[in-house]
Amino acid sequence: MAALPDTVLNLLDLDAHAEAKLPRPIWAYVSGGVEDGVSLRANRAAFERLHLVPRLLRDVSQRSAAITLLGQRFAQPFGIAPMGLAALSGFEADLAMARAAQAAGVPFILSGSSLVPMEEVFAAAPSSWFQAYLPGQPERINALLDRVARAGFRHLVITVDLPVPANRENLTRAGFSIPLKPSLDLALDGLRRPGWLVGTLLQTLLRRGMPHFENLLAERNAPAFSRHVERDFANREHLNWTHLAAIRERWPGQLILKGILSPQDARLAQEHGVDALVVSNHGGRQLDGALPPILALPAIRKAVPDMPLLLDSGVRRGTDVIKALALGADAVLLGRPFNYAAALGGQAGVAQAIRLLADEVHRDLALVGAARCDDLDPSYVQQP
Ligand SMILES: Cc1cc2nc3c(=O)[nH]c(=O)nc-3n(C[C@H](O)[C@H](O)[C@H](O)COP(=O)(O)O)c2cc1C
């Protein structure tokens, strides 16, 4: 049985359904960008401006979209990006996404701003990766790294593109704050969305109690709903490459930096022993005007020819995946569509969304004339 509405034929179709289901502040939080939304729109526009150059009459009957990334085999060249507060969109959304990703053989990255304890997510889906926002003080960084390692994670993604909180004007307008402040408006909005009220909020409160930021630090942090408490934003503005060098020494597993857009930073990351990068502008949610990652990718690939590169921000279609792989990405990540799928259909919804994209990738590989992701190179893309 389909977990998503019948009219969802592709990942872009999820938006309207999620907007109808989620309370306005939560929809604004997930869907929105920063300031004027320039990067948010540019991410999609950049993919649309790139054209594919198919190669024909090649035997594509035995094709496979499987990839090897950081020594591991994945069934698809895409995965689920880390998203904070996902469990406000759908009941236990982090677990839903983690389990669906594990079953489909694709990467899932648990956000450090999530509301389900990392230990629980790892126990349910041990192929999950963990994403951290670094706390400002070295002893807190160390305590967090030790907890992540103890939980069992072998992949640590450090997001470096938010040294200070972004200017989310749309959230102020929509009445969203972190933590969410209970108000009459929020209550009325929730009442107009009974599917979310019962399926997400009441279920969460009844079965799990008040959700908290569980994974920002070594210990539990602020509650997700509160009139007074402030989340610990951890004062990260002084962090620099020396902190990263210390992290590299302490963290025994794969170290991945997320948010890189410049070839110089890519090279510095490689010099500091980073294993892989996520080329990302945070889905247009940090610096408005930041370059769409798909445009940053060719120069970064040239700067670090052998480094595993993931890319996110604006990927929605199988053809976007093909364009990114052709221009040098080893894999891509998607954020919002999987959050919507979890909100609409839980684990089964996420599994269906993964299948929708996998079907597109499988078909598009044939249409561009590539039997394997490795066959793709820049000659498949015409850049304007
Ligand atoms: C609701 C939401 C929450 C996010 N939270 C985080 C986070 O906690 N950590 C992080 O590194 N990136 C976070 N991101 C950014 C995503 O990891 C990813 O870079 C972005 O969503 C990709 O763009 P897309 O949504 O267009 O696919 C968040 C994105 C969304 C939509």
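A polar contact here is a pair of N or O atoms within 3.5 Å. With that in mind, here are some close-up views of this predicted model.

**View 1. Polar contacts hold the eye on the ligand, starting with Arg316.** A polar atom in the side chain of Arg316 sits 2.9 Å from a ligand oxygen. Ser111 also faces an oxygen of the ligand, with a side-chain N or O atom 2.7 Å away. Gly84 takes part through its backbone instead: one of its backbone N or O atoms lies 2.9 Å from a nitrogen of the ligand. On its own the ligand has 590 Å² of accessible area, and the protein covers 98% of that.

**View 2. The ligand and the residues around it.** Look around the ligand and you will find 22 residues. Those that come nearest are Pro82, Ser111, Thr159, Asp312 and Gly335. Ser111 is worth a second look, as its side chain also makes the 2.7 Å approach to a ligand oxygen.

**View 3. Helix α12 meets helix α13.** Two packed helices are described by the angle between their axes and the distance between the axes. Here the axes of α12 (residues 263-271) and α13 (residues 293-303) come within 8 Å and cross at roughly 35°. The crossing is right-handed. From α12, Pro263, Ala266 and Arg267 make the contact, and they meet Ala299, Ile300 and Ala303 of α13. By type, the contact residues comprise 5 nonpolar, no polar and 1 charged.

**View 4. A cis peptide bond before Pro179.** Most residues other than glycine have a negative phi, and most peptide bonds are trans. The bond from Ile178 to Pro179 is cis, with omega near -10°. To find Pro179, follow the chain into the loop between α8 (169-174) and α9 (184-191).

**View 5. Glu92 and its positive phi.** Glu92 is not a glycine, yet its phi is positive, at about 45°. You can pick out Glu92 in the loop that runs between α4 (86-89) and α5 (93-104).

Note on methods:
Residues numbered from 1 in each chain as written. Predicted model: local features only at pLDDT ≥ 70, side-chain atom pairs only at ≥ 80, totals over all residues. Heavy atoms only, no water. Axes fitted to C-alpha atoms, helices over the stretch in contact; angles between N-to-C directions. Helix = DSSP H or I, 4+ residues; strand = E, 2+ residues; numbered from the N terminus. Left-handed = near helix turned anticlockwise from the far one by under 90°. Contact = heavy atoms within 4.5 Å. Nonpolar A, V, L, I, M, F, W, Y, C, P; charged D, E, K, R; others polar. Near = heavy atom within 4 Å. Polar contact = N/O pair within 3.5 Å; in protein donor to acceptor, adjacent residues only side chain to side chain. Areas by Shrake-Rupley, 256 points an atom, 1.4 Å probe, with all protein chains shown as cover.
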